[in-house]
Amino acid sequence: MTPFTHPEFDQHETVSFCHDAATGLRAIIAVHNTHLGKGLGGCRMWPYASEDEALTDVLRLSRGMTYKAALAGLPQGGGKSVIIGDPRRDKTPALMRAMGRAVERLNGAYVVAEDSGTSVADIRLMAEQTRHVGGLADAKSVAAGRTGDPSPATALGVFIGLQAAVRHRLGRNELKGLCVAIQGVGNVGYRLAKHLHEAGAQLWVTDIYAPAVERCVQDFGATAVTMEDIHALDVDVFAPCALGAILNDATIPQLRAKVIAGAANNQLAVPATHGAALSAREILYAPDYCINAGGIIDIHYEGPAYHAPVVEAHLQRIGLTLTQIFERAAREALPTHVVADRMAEEIFRRD
Ligand code: NAD
């Protein structure tokens with residue numbers, strides 16, 4: 001299937017197929033929209049079953065980055081890249097450098113950062129071949145203990161967004177005694193649990209990796225639950241922090257939480273259907289790409305001038321943007337994900 005006829009094609013500006021004979025690199029870079037700035041997005045390395053699967057992923061993900069950056073108030077557009085291959089088996093320094101050259105050929109329309117299957121070390125190898133890299137802590141930041149890992153900022157942004165959602169839907173300013181179920185307590189979920197615990201919330205957690213659950217039980221007095229039960233608990237907030245498509249035909253009728261606020265990308269299995277289903281059940285959904293934007297906000301400020309209070313002030317705006325979305329959704333009787341899309345489009349399509 002060619003990009004122009006692909007169902008995920010959405011007026012993307014550039015779709016570049018990259019090949020390097022010496023290293024065997026096969027990659028696709030998609031730049032969705034650069035009206036607000038360069039198309040920033042991660043480079044995902046994954047053993048895609050087919051080229052079409054890789055194309056689907058890169059078209060969808062790059063579009064998502066445009067919306068995320070616009071709502072986060074960042075002067076940047078949306079891009080993404082995928083390398084077809086198994087990161088454990090096929091990744092070599094030469095392959096990463098070849099990817100860096102592919103990024104360089106786009107002259108800055110695309111800025112590469114880490115994603116699933118790539119690490120900060122890989123981006124450093126790419127940076128030997130291109131200036132167009134994001135999210136790399138410079139020597140001064142490293143000396144100050146910064147790693148370039150965006151998860152702490154993502155978790156803080158989700159915490160701020162969760163507070164805004166609780167205020168809007170439950171009329172509570174205080175999180176003391178709030179009951180929250182977290183699905184996935186990895187890099188972001190664990191840190192979100194920490195913020196919630198410190199604010200006095202009661203936690204229920206699950207993860208496929210047992211030690212991650214045990215750590216939350218030990219550190220925060222969380223209650224461990226099974227993976228099958230987590231979404232259906234009688235809690236105030238359900239926070240998906242593991243995988244996409246968790247809000248679907250099977251789970252939505254079982255939800256008892258009044259608020260959905262978590263870090264996972266693409267939480268709605270079919271946005272039109274499942275966003276409307278949540279809205280019909282009066283469950284307030286914090287659109288994923290708005291609430292989890294802390295990471296790209298952090299990446300935006302990475303560099304010699306990084307100043308934590310400035311970044312934190314920007315993260316606070318996630319709560320304000322969500323409140324605007326919630327209020328407009330109520331006024332216009334629309335699902336929150338529809339309003340988020342419209343608000344983002346109003347920003348990046350503005351001339
Ligand atoms: P992570 O891999 O560190 O953590 C995810 C956790 O979910 C892992 O502990 C994993 O074992 C667990 N998990 C996987 N499948 C599960 C299942 N079926 N049930 C329960 N637990 C399961 O990833 P992360 O960086 O914490 O990111 C979490 C989510 O947030 C992902 O969807 C990611 O795309 C999204 N996100 C992350 C960032 C960031 O800065 N890290 C930014 C934006 C969005």
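## A tour from β5 to a surface patch

Start by selecting strand β3 (residues 39–46) together with β5: the two pair in the parallel sense over 5 bridges. Keep in mind along the way that this is a predicted model.

Zoom in on that pairing. L40 stands opposite V111 in β5, and C43 stands opposite E114 of that strand. Now colour β5 by accessibility. Is it mostly covered or mostly open? Mostly covered, as 4 of its 5 residues are buried.

Next, widen the selection to the whole sheet. You will find an open sheet of 5 strands, ordered β1-β2-β4-β3-β5, with mixed pairing. Which strands stand at the edges? They are β1 (14–20) and β5 (110–114); each has a single partner strand, so one side of each lacks a neighbour in the sheet. Look along the sheet to follow its twist, which averages 25° from one strand to the next.

Then add helix α3 (residues 93–104), which packs on this sheet. Show its contacts and you can trace them to β1, β2 (25–33), β3, β4 (77–84) and β5. The direction of α3 makes about 35° with that of β2.

For the last stop, leave the sheet and select I208, in the loop between β7 (202–206) and α8 (210–220). Is I208 buried or exposed? I208 is exposed, because its relative accessible area is 76%, and the cut-off for exposed is over 50%. Add Y209 and M227 to the selection and switch on the surface: with I208 they form a nonpolar patch there. Together the three have about 390 Å² of accessible area.

Note on methods. Residues are numbered from 1 along each chain as its sequence is written. This is a predicted model: local features need pLDDT of at least 70, side-chain atom pairs count only at pLDDT 80 or more; totals for chains, interfaces and linings use all residues. Side-chain values use heavy atoms; hydrogens and water are left out. Patches are made of residues with over 30% relative accessible area and no salt bridge: like charges are joined within 9 Å, nonpolar side chains (Val, Leu, Ile, Met, Phe, Trp, Tyr) within 5 Å. Accessible areas come from the Shrake-Rupley method with a 1.4 Å probe; for residues, only the protein chains shown count as cover. A salt bridge is a side-chain nitrogen of Lys or Arg within 4 Å of a carboxyl oxygen of Asp or Glu. Buried means under 20% relative accessible area, exposed over 50%, partly exposed in between (1.4 Å probe, protein chains only). Two strands pair if DSSP finds at least two bridges between them. Axes are lines fitted to C-alpha atoms, for helices over the stretch in contact, and angles run from 0 to 180 degrees between N-to-C directions. Contact means heavy atoms within 4.5 Å.
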